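Please look over the sequence and the model below. The paragraphs that follow take one helix, then the aromatic rings, then the ligand.

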Amino acid sequence: MKRYEDRAWRASMRIKVDFNNMLCTHVGKHGIDPAQIQARAEQYKAAAAAMEAKRAEGMKWRNLPHNQDGVVKELLEAAKYVRENFETFVVLGIGGSALGPIAVHQALRNLRYNDLPAAKRGGPKLYVEDNVDPERMASLFEVIDLEHTCFNVITKSGSTSETMSQLLLFTDALRRAVGDKWPRHIIATTDENKGNLIKIAREHGLRTFYVPDGVGGRFSELCPVGLLAAAVCGIDIEELLAGAAYMDGLCGEADIWKNPAYMLAALEVLAMEKGCNIGVLMPYADSLKYIADWYAQLWAESLGKNKDLDGNPVHTGQTPVKALGVTDQHSQVQLYTEGPFDKVITFLAVEEYRNRVDIPHAFDGLPDVAFLSGHTFNELIRCEQRATEYAVTKSGHMNKTITLPEVNPFTIGQLLYLFEVQTAFAGELLHINAFDQPGVEEGKNDTYRILGKPG
Ligand code: PA5
């Protein structure tokens, strides 16, 4: 039996949301009055009904934790092929095609994964190439051996200039390095019916995975876009999906007081109305650092819209800021405690870290240093998180804390899904389309124009 099949284990791994410090009862006049939440009960009910109605059509990504048994089997086979034949796995993709793979890898593998010797790593090295900086492209050739490298080119549209340029670069290099065998070195992940990548994949017989219909880039981590790289690096993708499915159960409640994602979204929207145009996500774990990057795209690209669903100008959205505890206590926290009341801080806390590191005795003659000895780094980071939460609350700034019992595939699956549903529900409340990105397309299209793409 897998551990996530055990009901008691699942319950012990349930992530917790504490939003007390969003309320005026805890932070004073800059907080939200619980009466405001009660007053909107009807709006929340309608938005919850819309969420359920859209599951089958507009929000097909909601079914990913439940409908991928066959795909998971194929992904595990492909992962085995890569693990047995290659030393390096390179993801080529940008935006939703890159941020999820980076976030999940950082969360669930050793923090110095690529630096470990092969035997300890237990899988190929991973590089995710999401930028087209020429220096970065050139430097990749210095650390990979093409003969032993497999590329996963990911683009839902099959036409993004950055990703297609990278495909051209590495196909050319592979042709020169391994000749006719180059298609064995490329796995394509793209739309089944649209775009150029699927044409290339079919013409050259590339191993291919599909981004399911109705799953947009930033909502695609739990489909082959994210699952392949995770499986290649030895992450238990079935547990990841089980975590998402568990959170789907928790997010199935129509009552906002019982639904963590709906409550988080409602609080953020109320905070936005109070002038909080900035949302800080501050994990207290290096493993969760890139979850903040992934979330920044999800929140910014989904909610940053100039028109509502009726075509009225709204220019809505909340600027996500990524921070890292404790590092940013020595950089941004001064602003969070004493600066303007224009932001909500969300702390991501971890109860049990994967390692315990003691702080030894070395200078017991110096009381101002010696007080640290005998404690652990685990205590230190947790205590600093609580102390920062206290300072931010005392200064009257809204904040909330999401706590993971551990960082493992089950809790990460929950967290990703929680943020996705939160974002979609915020889109409902703001009455905007959270699933398009016309502002991004504008720039993509102008790049095509400048570089002379036909049409
Ligand atoms: O969320 C999105 O839709 C975007 O960020 C896309 O993921 C990004 O623009 C890359 O697009 P594509 O996967 O089509 O290459």
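A residue is called buried here if its relative accessible area is under 20%. The model is a predicted one, and the buried state is a useful way into helix H12. By that cut-off, eleven of the 14 residues of H12 are buried. They are Ile 237, Glu 239, Leu 240, Leu 241, Ala 242, Gly 243, Ala 244, Tyr 246, Met 247, Asp 248 and Leu 250. What do the buried residues of H12 pack against? Their partners are helices H1 (7-12), H5 (69-85), H6 (99-108), H11 (224-232), H13 (260-273) and H18 (409-430).

The length of H12 can be checked as well. The helix runs over residues 237-250, and at 1.5 Å a residue its 14 residues should span 20 Å; the C-alpha atoms at its ends are 20 Å apart, so the two values agree. At the start of H12, the backbone nitrogen of Glu 238 has a side-chain oxygen of Asp 236 within 3.1 Å.

Aromatic rings come next. The structure contains 14 aromatic pairs. Trp 61, Phe 219, Tyr 417 and Phe 435 are joined by ring pairs into a cluster. Two rings have a basic residue over the face: Arg 207 lies 4.6 Å from the ring centre of Tyr 81, and Lys 453 lies 3.8 Å from that of Tyr 448.

The ligand is surrounded by 14 residues, with Thr 155, Lys 156, Ser 157, Thr 160 and Gln 297 the closest. Polar side-chain atoms lie at short listed distances from ligand oxygen atoms: 2.6 Å for Ser 157, 3.0 Å for Glu 301 and 3.3 Å for Lys 444.

Definitions and conventions: Residues numbered from 1 in each chain as written. Predicted model: local features only at pLDDT ≥ 70, side-chain atom pairs only at ≥ 80, totals over all residues. Heavy atoms only, no water. Helix = DSSP H or I, 4+ residues; strand = E, 2+ residues; numbered from the N terminus. Expected span 1.5 Å × (residues − 1). Buried < 20%, exposed > 50% of the residue type's maximum accessible area, 1.4 Å probe, protein only. Contact = heavy atoms within 4.5 Å. Polar contact = N/O pair within 3.5 Å; in protein donor to acceptor, adjacent residues only side chain to side chain. Phe/Tyr/Trp six-rings, centres within 6.5 Å; stacked < 30°, edge-to-face > 60°. Lys NZ or Arg CZ within 6 Å of the ring centre and 35° of its normal. Near = heavy atom within 4 Å.
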